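Reader: Could you take me through the charged pairs and the packing in this model, one point at a time?

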Amino acid sequence: MSSILHIETSTTVCSVVLSENGKVVSERISLTGPSHASLLGVFVQEILQETKAHPDAVAVSCGPGSYTGLRIGVSTAKGLCYGWNVPLIAVNTLQLLASTVATETPVDENTLFCPMIDARRMEVFSAFYDKDLHLFREIAADIVDENSYLDILASHKVLFFGNGADKCRSSITHPNAEFIDDIQPKASNMIPLAEKAFAAGEFVDVAYFEPFYLKEFVATVPKNRVLNVEQGVNSKE
């Protein structure tokens with residue numbers, strides 16, 4: 001018997017699910033954009049008020065993905081674990097995406113799953129998994145061009161999906177490449193992975209756990225800010 005609160009904020013999707021014994025009890029989800037800071041707390045509160053639940057654990061999608069989204073999701077999850085004195089489960093976002101597709105798509109032994117998360121421009125966070133969700137190629141930040149993954153595609157059919165996959169269609173044109181649309185990380189799809197981790201006692205340290213960013217955060221300066229600074233410098237010359 002297990003009750004788990006699942007939190008997913010690694011992309012523009014914000015979702016929260018309460019599950020009991022592997023089944024969805026209550027769910028909140030927004031697909032409209034990165035509004036995690038304003039929605040996540042509300043979603044959690046609504047679910048807890050609706051169900052009167054006291055979860056046995058909190059599961060959080062831990063990345064890779066959006067730096068801000070991951071920080072919000074993990075910080076919230078850790079706070080709930082502290083308050084309830086329950087363990088924290090970390091679910092890798094790429095494995096979550098691969099699990100989502102693998103559950104719905106029967107494949108042969110030669111097919112690989114490649115979830116992709118957008119990392120701006122032509123860069124994606126990606127990994128390759130076999131049909132049993134074992135890592136075939138490790139997680140990496142890849143800059144995609146017409147030569148990407150040719151060694152893998154030469155011997156395997158590969159299913160590409162996730163919010164970073166669409167922009168890669170024009171570059172990855174090998175006959176063994178197939179693209180699947182509308183696959184997004186959602187809290188409801190975390191349930192099988194979180195339940196497995198809970199049963200095995202695979203928890204992370206609430207005090208020291210950090211999201212899997214893969215890359216360091218780089219702050220950008222708005223263009224109007226750059227223009228104003230340049231104008232200010234020029235006016236002093």
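**Salt bridges and cores**

Author: Lys-157 has a relative accessible area of 35% and is therefore partly exposed, a class between buried (under 20%) and exposed (over 50%), taken with a 1.4 Å probe on protein chains only. This is a predicted model, in which local features need pLDDT of at least 70 and side-chain atom pairs pLDDT 80 or more, while totals for chains, interfaces and linings use all residues. Residues are numbered from 1 along each chain as its sequence is written, and side-chain values use heavy atoms, leaving out hydrogens and water.

Reader: Which residue forms a salt bridge with Lys-157?

Author: A salt bridge requires a side-chain nitrogen of Lys or Arg within 4 Å of a carboxyl oxygen of Asp or Glu. For Lys-157 the closest N and O atoms are 3.0 Å apart, and the partner is Glu-178.

Reader: Which residue forms a salt bridge with Arg-169 at 2.2 Å?

Author: Arg-169 lies in the loop between E9 and E10, and its partner in the loop between E10 and helix H5 (191-200), so the pair ties together parts that are 12 residues apart in sequence. With the closest N and O atoms 2.2 Å apart, the partner is Asp-181.

Reader: Is Asp-142 buried or exposed?

Author: The side chain of Asp-142 makes a polar contact (N or O atoms within 3.5 Å, one able to donate a hydrogen and the other to accept it, with residues adjacent in sequence counting only if both atoms are side-chain atoms) of 3.0 Å with that of Arg-137. Because its relative accessibility is 12%, Asp-142 counts as buried.

Conventions
Helices (H or I, at least four residues) and strands (E, at least two) are DSSP runs, numbered from the N terminus.
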